[in-house]
Amino acid sequence: MKILLGKTAGVCFGVKRALDEANQALEENNKIYCLGELVHNKCITKKLQQEGMIFIDKIEDAKGKVIIRAHGEPEKTYKKAKELGLSIIDLTCPKVLKIHNIAKEYIEKGYYIFLTGASNHPEVIGIIGFCKDNYSIIENIENVEEAVGIFKKSGLKKALLISQTTYSLEKFEVIEKELKKLINGNDLEVINTICLSTKQRQEETSKIAKEVQTMIIIGGKNSSNTTKLFDIANKYCKDVFFVETEKEIDAENFKKYETIGVMAGASTPMEIIEKVIEKLEELC
């Protein structure tokens with residue numbers, strides 16, 4: 001049996017930064033609040049809870065210090081925290097913060113914002129919080145025509161296309177082409193804000209999926225970037241498994257395969273990846 005582990009698998013810069021600073025904050029405080037899950041990984045969340053982190057859904061439930069998760073928050077959350085006298089530890093991924101600044105800048109310049117991403121994802125909710133009412137979320141190609149219609153009715157003359165950092169690069173490019181068909185080229189500006197590590201991970205996933213008989217994607221089931229990897233792998237590989245830990249792997253199912261590909265999402269710790277590899281190697 002041959003196991004191909006993606007070189008880009010595992011925790012990205014933004015997640016590592018958030019985890020390092022969150023752990024440091026826990027060392028200085030016996031308990032600390034975090035607005036939403038710090039990152040989308042149940043193992044990480046459970047470990048942080050054991051160390052004293054209290055996860056809350058509303059900023060009003062925080063006391064003293066509160067962590068802003070890696071996915072970011074809308075502008076109104078920062079204002080509310082200030083009103084409540086809370087001290088913020090902002091662990092928003094720098095790549096996401098950059099998108100916040102881009103959205104804010106272009107809204108102030110009178111642009112309409114097209115944002116590719118999942119409407120219910122916390123990162124997307126955070127970004128649109130800087131767009132006032134002049135935006136449309138485009139989840140897939142089917143949403144483009146409606147979004148353009150809303151833009152044209154808005155009275156604004158120019159539009160900007162940006163993206164959730166973990167959105168599918170392939171889908172983004174298809175949507176970009178469709179928008180350019182429907183909007184005058186001079187009226188549409190495009191800034192591809194998909195994270196470089198996301199692009200690299202997606203490209204490597206497709207490459208490995210073409211070379212193996214089966215593939216295992218490791219990460220949180222509620223993780224956007226990991227779900228994208230699962231979708232990409234399914235395009236090129238017949239048998240693909242999505243697991244959060246090695247406990248979900250039934251080794252017997254993999255005895256028939258000679259080549260197994262392994263890729264992990266940006267919120268998956270290396271220790272979990274290593275345990276999956278160890279379990280597979282028991283078959284060798």
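In strand S9, Leu188 is the bridge partner of Ala159. That pairing is a good way into this predicted model. Ala159 sits in strand S8, which spans residues 158-163. S8 and S9 run parallel, and 3 bridges join them.

Step back to the whole sheet. Its 4 strands are ordered S7-S6-S8-S9. The sheet is open, and its pairing is parallel. Strand S7 (135-138) and strand S9 (188-190) are the edge strands. Each of these pairs on one side only. Neighbouring strands are turned against each other by 20 degrees on average, direction ignored. Strands of a sheet pair through backbone hydrogen bonds, either parallel or antiparallel.

Now move to S6, residues 111-116. S6 and S8 run parallel, joined by 6 bridges. Here Tyr111 stands opposite Lys158 of S8. On its other side S6 meets S7. Those two strands also run parallel, with 4 bridges between them. Phe114 stands opposite Ser136 in S7.

How many residues of S6 are buried? The count is 6 of the 6, so S6 is largely enclosed by the rest of the structure. In a regular strand the side chains alternate between the two faces of the sheet. In S6, Tyr111, Ile113 and Leu115 point one way. Tyr112, Phe114 and Thr116 point the other way. Both sets are buried.

Helices come next. Helix H4 (residues 94-108) lies across S6, S8 and S9. H4 runs at about 175 degrees to S8. Helix H6 (residues 144-154) lies across S6, S7 and S8. Its direction is at about 165 degrees to S6. A further helix, H5 (residues 122-128), belongs to a β-α-β unit with S6 and S7. That unit is right-handed.

The loop between H5 and S7 holds Lys132. Its phi is near 55 degrees, a positive value in a residue other than glycine. Is Lys132 buried or exposed? Lys132 has a relative accessible area of 62%, so it counts as exposed.

Another loop gives the opposite picture. Gln164 is found between S8 and helix H7 (169-182). Its relative accessible area is 0%, so Gln164 is buried. Which side chain does the Gln164 side chain meet in a polar contact? The partner is the side chain of Thr166, at 3.0 Å. Leaving aside neighbours within four places in sequence, Gln164 also contacts Leu115 and Thr116, among others. Both of those belong to S6. The contacts of Gln164 further include Gly117, Ala118, His121, Glu123 and Val124. Ile194 and Ser224 are in contact with Gln164 too.

Turn to the nonpolar packing. The largest nonpolar core has 25 residues. Met215, Ile216 and Ile218 have the most contacts inside this core. Several elements each supply at least two of its residues. Among them are the helices H8 (196-209), H9 (224-236) and H10 (270-281). Strands S10 (214-218), S11 (239-243) and S12 (259-264) do so as well. Which helix gives the most to this core? H10 does, with 5 residues.

Ile216 shows the packing in detail. Not counting residues up to four places away in sequence, it touches Phe241, Val243, Ile249 and Phe254, among others. Its contacts also include Ile260, Gly261, Val262, Met263 and Leu280. Apart from the largest core lies another, of 19 residues. Leu19, Ala22, Ile32 and Ile89 are among its members.

Two residues close the tour. Asn234 is in helix H9. With a relative accessible area of 36%, Asn234 is partly exposed. Asn234 and Met215 are 19 residues apart along the chain. Their C-alpha atoms are separated by 8.7 Å. Glu282 is in the segment after H10. Its relative accessibility is 63%, so Glu282 counts as exposed. Thr227 lies 55 residues from Glu282 along the chain. Between the C-alpha atoms of these two, the separation is 27 Å.

Definitions and conventions
Residues are numbered from 1 along each chain as its sequence is written. This is a predicted model: local features need pLDDT of at least 70, side-chain atom pairs count only at pLDDT 80 or more; totals for chains, interfaces and linings use all residues. Side-chain values use heavy atoms; hydrogens and water are left out. Two strands pair if DSSP finds at least two bridges between them. Axes are lines fitted to C-alpha atoms, for helices over the stretch in contact, and angles run from 0 to 180 degrees between N-to-C directions. Contact means heavy atoms within 4.5 Å. Buried means under 20% relative accessible area, exposed over 50%, partly exposed in between (1.4 Å probe, protein chains only). A crossover is right-handed if, with the strands pointing away from the viewer, the path from the first strand over the helix to the second runs clockwise. A polar contact is a pair of N or O atoms within 3.5 Å; within protein, one must be able to donate a hydrogen and the other to accept it, and residues adjacent in sequence count only if both atoms are side-chain atoms. A nonpolar core is a set of buried Ala, Val, Leu, Ile, Met, Phe, Trp, Tyr and Cys residues joined through side-chain atoms within 4.5 Å.
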